[in-house]
Amino acid sequence: MSDTKDITALLSEHVRDGMTIAVGGFGLSGTPFRLIEALRDTGAKNLTIVSNNMGVDGKGLGILLENHQVTKVLSSYVGENKEFARQYLEGELEVEFNPQGTLAERLRAGGAGIPAFYTATGVGTVVAEGKPHQEFDGRTYVMERGIVADIALVHAWKGDEDGNLMYRLTAQNFNPLCAMSGKVTIAEVEERVDRGALQPDAIHTPSVFVDYVVDASTAEKPIEQRTTRPHPSK
C-alpha cells in the first residue's frame, strides 16, 4: 500500500473521534509524516496524542494542532511549536507532562501488559501530584500507569511483509515503544523487503506488535533546525 489516499482510507477504517493515538518520533527524527498527514485527512477530532513532542509549526504533529483535532497531549517536551503554546495558554488544549524516561516506560509497560509501575522520578514535583505513593527500602516512589493506545503510528527504515521492523540510528527513539503500546499499530517504512530478508537479531520491533505496513519511500524528511558551518579549507 503506497498511495496516500489508500493510507487515509486505512486510517479511516480504524480511527474514531476521541481515540488515544501514540506517535513515534523525537523532534522531527523518525516521525511518521505520511501517517500523520493521513490522520489529518480522516478529520478525526478530540484526539489524545501520546508522543515525546508535538512536532513544529506546520510539520509533523503540528499539523493536527493547526487543524484543531487534538484536545489532550501526553508528552515530555513541547518546545519549537508556537501553536501548541498558544492553545495551551488559552485553555484550548489539555497537557499531561511526563519525564521523558517515565513516558518511555509507560509506553513499554502498556505494551508488555503491565498496568502500572513505581518510579522515584518526579516525586515531590507537580507531575506526582494526585498519584499514589509508596515507600520501598526507605525511598518514596510514585505510581505511573502504563499506556495502551487505541492506535500507534510509527516510522521505520525497513519492514517486511509480516511487519518486522528495523529503525535507523536516532530514528529508533520512541518508535519501538509506541509500536508496542498500540492495540492497532500501523508502520510506515522507507524500504519494504521480502519475508526473511531481515536478520532475526537485527529486528527492533517484531511483527507480533505490527498490524499494517505502508510505503513511505518517497516521504519528505524535514530538518528541524538546519545549521551549517564554513568548510575548513575556506
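**Pockets, a cavity and some ring contacts**

Helix H2, residues 33-42, gives the most to the lining of the second largest pocket, with four residues. Before I go on: this is a predicted model.

Let me stay with that pocket. The space in it comes to about 160 Å³. Its lining starts with Phe33, Arg34, Ile36 and Glu37, then takes in Gly58, Lys59, Gly60 and Ile63, and ends with Ala219, Glu220 and Pro222. By class that is five nonpolar, two polar and four charged residues.

Now the largest pocket. Its volume is about 300 Å³. There are 18 residues in the lining, and the ones nearest the centre are Leu28, Ser29, Gly30, Ala171 and Lys221. The classes here are seven nonpolar, six polar and five charged.

Next, enclosed space. How many cavities of 30 Å³ or more are there? The count is one. Its volume is about 50 Å³. The lining includes Val23, Gly24, Gly25, Gly27, Leu28 and Thr31. Also in the lining are Ser51, Asn53, Met54, Gly55, Gly60 and Leu61. None of these residues is charged: the split is four nonpolar and eight polar. Two names should sound familiar. Leu28 lines this cavity and is also among the residues nearest the centre of the largest pocket. Gly60 lines the cavity and also the second largest pocket.

On to the strands. Strand S8, residues 149-160, pairs with strand S10, residues 182-193, in the parallel sense, over ten bridges. As one point of reference, Ala152 has Thr185 in S10 as its bridge partner. S10 also pairs with strand S11, residues 212-215, again parallel, over four bridges. There, the bridge partner of Ala187 is Val213 in S11. As a general reminder, side chains in a regular strand alternate between the two faces of the sheet.

In the segment after S11 we find Ala216. Is Ala216 buried or exposed? Its relative accessible area is 3%, and the cut-off for buried is under 20%, so Ala216 is buried. For a sense of distance, take Val78, which is 138 residues away from Ala216 along the chain. The C-alpha atoms of the two are separated by 26 Å.

Last topic, the aromatic rings. The structure holds three aromatic pairs. One of them is Tyr88 with Phe97, edge-to-face, with 6.3 Å centre to centre and 90 degrees between the planes. How accessible are these two residues? Tyr88 has 37% relative accessibility and Phe97 has 33%. Buried ends at 20% and exposed begins over 50%, so each of the two counts as partly exposed.

Another pair is Phe136 and Tyr141. Why is this pair called edge-to-face? The ring centres are 5.6 Å apart and the planes stand at 75 degrees, and edge-to-face needs over 60, so the pair qualifies. Phe136 has a relative accessible area of 37%, and is therefore partly exposed. Phe136 and Tyr141 also belong to one aromatic cluster, together with Tyr118.

One more ring, this time with a charge. The charged end of Lys158 sits over the ring of Trp157, 4.5 Å from the ring centre. Both residues fall within the range of S8, which spans 149-160.

That is what I have on the pockets, the cavity, the strands and the rings.

Note on methods
Residues numbered from 1 in each chain as written. Predicted model: local features only at pLDDT ≥ 70, side-chain atom pairs only at ≥ 80, totals over all residues. Heavy atoms only, no water. 1 Å grid on protein atoms, 1.4 Å probe; cavity = no way out; pocket = protein on both sides within 12 Å on 5 of 7 lines; lining within 4 Å. Points joined across faces, edges and corners; volume = space filled by probe spheres on them. Nonpolar A, V, L, I, M, F, W, Y, C, P; charged D, E, K, R; others polar. Pairing = 2+ DSSP bridges. Helix = DSSP H or I, 4+ residues; strand = E, 2+ residues; numbered from the N terminus. Phe/Tyr/Trp six-rings, centres within 6.5 Å; stacked < 30°, edge-to-face > 60°. Buried < 20%, exposed > 50% of the residue type's maximum accessible area, 1.4 Å probe, protein only. Lys NZ or Arg CZ within 6 Å of the ring centre and 35° of its normal.
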